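Thanks for sharing this one; I enjoyed going through it. Here are my notes, set out point by point so that you can follow them beside the viewer.

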Amino acid sequence: FVLLIPEKNAFLRLVVATLVCTTYPLILTVARPYKRVEDHVLAVTTSILLILLFLCAGWSTIFLSIEERYQGADPADVMGFGNLEPLVNVMIALVFGLPILLLAYLTYTGSIEAKRQREQERVLEETNRALADAALEMEGEQCTFLFLDADVIRSGLCDEVGYKTTLPRLQEIEAAHPEWIKRRVLKRHLAYGRQHYRSEILAVSHRWEQPEAPDASGAQLKAIREYLQSPAGLEVSFVWYDYWCMPQGIRSPTEKVGFKRMLQNVNLLYLGCSVLILQELSYLSRFWTQFEAWCSMQSATEDGLGPAPAVERRCTVVPILQATEGMASELIMMWASRSVDEAIETLASPDVTVTNQSDKELQLYKLRELDSLVQEAVAQCAREAVDPTVVEIAPRQAP
């Protein structure tokens, strides 16, 4: 369409053609249609060099045509220039300026590409790490849990922001105060074999007062705060309380997966962390509370699980509401000395109630393999103590 411009307006033709040609590399620079940065730089560089060549050829052609058509005339006069010096200066500036601009562009593009590659490497590394963690979690070697920052309760911060009776469910905490929730990976051999998390993590064993409100009275939050402020709880950094640390109510697909994963590995908390038992009148009638209490009174040995001596128990029993110290003693007497088989027999009884029967069946099944898992964990920790080069998560032996 440049040829539609009359030939006598040769200079206008050159200007329009230059603008059209310049638009193409600009579009290339913005759109970046090539996947490889090398192809992108080559395309833009070639376009700029062709524009430079076009300008030189165009100016030369126009001048030659003027000299041929207007014998003896000065091309500068014909084109309306009284002096060729400005035009020559512009051409010199283009000849030297375009390569400089090209070099600057290449430097800028290179820095962007280097940054992009670093970001891709970071994402790839995180993805590989996530896949490796997911594989380990699928094998039961570790599990990612969510915890509440203990200082939120210990310092009374939750009261200051309006949670005076108790705290809301996990989704509401994450929406209003995401900094309160901490993500932590618990490794099975460290939890079972070394009790590695005992001092910094407190798992709370409690009964739900109401189907939608586990701590409607606020007695549980009060007891947890009193424990965290006591000498025994000052080292605790994270608190695990199911309503605050597991997705509740209507869950998204991702939340459903996380909830199921944490539920299946909840024994890591009650076998490897400190446990605060909040006992009230109905505590001994529920499956989950009794399961958690038994786990908290067990010790890992090279022969598997066994009753922990009183001085080594990880649990603290605190009676709340109408419960008494006598009931706390009864709970300890009932579960402290039971073996794995005795625990399974007692928990399987129909008078031990549970909201979801499948949860009960799953945990009873897992109890049967706990002995072998604990033996593996203790053996792995012993190997690591002798040989520090042993990997942290050793593959399980084939049955």
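The points below go from the overall fold to the main pocket, one helix and the aromatic residues.

1. First, a word on the source: this is a predicted model, so please read everything here as computed from predicted coordinates.

2. On the chain as a whole, I count along with you 16 helices and eight strands. Of the 399 residues, 42% are buried. Among contacts with a separation of 6 or more, 71% join residues 24 or more positions apart.

3. The pocket to look at is the largest one, with a volume of about 890 Å³. Its lining comprises 29 residues, and those closest to the centre are Trp208, Asp242, Gln248, Trp288 and Thr355. Do have a look at these five in the viewer.

4. Which elements give two or more residues to that lining? They are helix H10 (242-245), helix H11 (253-264) and helix H13 (287-296). H13 gives the most, with four residues.

5. The chemistry of the pocket lining is mixed: 13 of its residues are nonpolar, eight are polar and eight are charged.

6. Helix H13 deserves a moment of its own. How many of its residues are buried? Ten of ten are, so the helix is mostly covered by the under 20% relative accessible area cut-off. The buried set includes the aromatic residues Phe287, Trp288, Phe291 and Trp294, and also Glu292. Trp288 therefore turns up twice in these notes, as a buried residue of H13 and as one of the residues closest to the pocket centre.

7. Now the rings. The whole structure holds nine aromatic pairs. One of them joins Phe287 and Trp288, edge-to-face, at 5.6 Å centre to centre with 70° between the planes. Both partners are buried.

8. Another pair is Phe145 with Phe147, which is tilted: the centres are 6.3 Å apart and the planes meet at 50°. Phe145 and Phe147 are both buried. Together with Phe238, they form one aromatic cluster.

9. Finally, two arginines sit over rings. Arg251 lies over the face of Phe259, at 3.8 Å from the ring centre. The charged end of Arg338 is placed over the ring of Trp335, 5.2 Å from its centre. Phe259 falls within the range of H11 (253-264), one of the helices that give two or more residues to the pocket lining.

Notes
Residues numbered from 1 in each chain as written. Predicted model: local features only at pLDDT ≥ 70, side-chain atom pairs only at ≥ 80, totals over all residues. Heavy atoms only, no water. 1 Å grid on protein atoms, 1.4 Å probe; cavity = no way out; pocket = protein on both sides within 12 Å on 5 of 7 lines; lining within 4 Å. Points joined across faces, edges and corners; volume = space filled by probe spheres on them. Nonpolar A, V, L, I, M, F, W, Y, C, P; charged D, E, K, R; others polar. Phe/Tyr/Trp six-rings, centres within 6.5 Å; stacked < 30°, edge-to-face > 60°. Buried < 20%, exposed > 50% of the residue type's maximum accessible area, 1.4 Å probe, protein only. Lys NZ or Arg CZ within 6 Å of the ring centre and 35° of its normal. Contact = heavy atoms within 4.5 Å.
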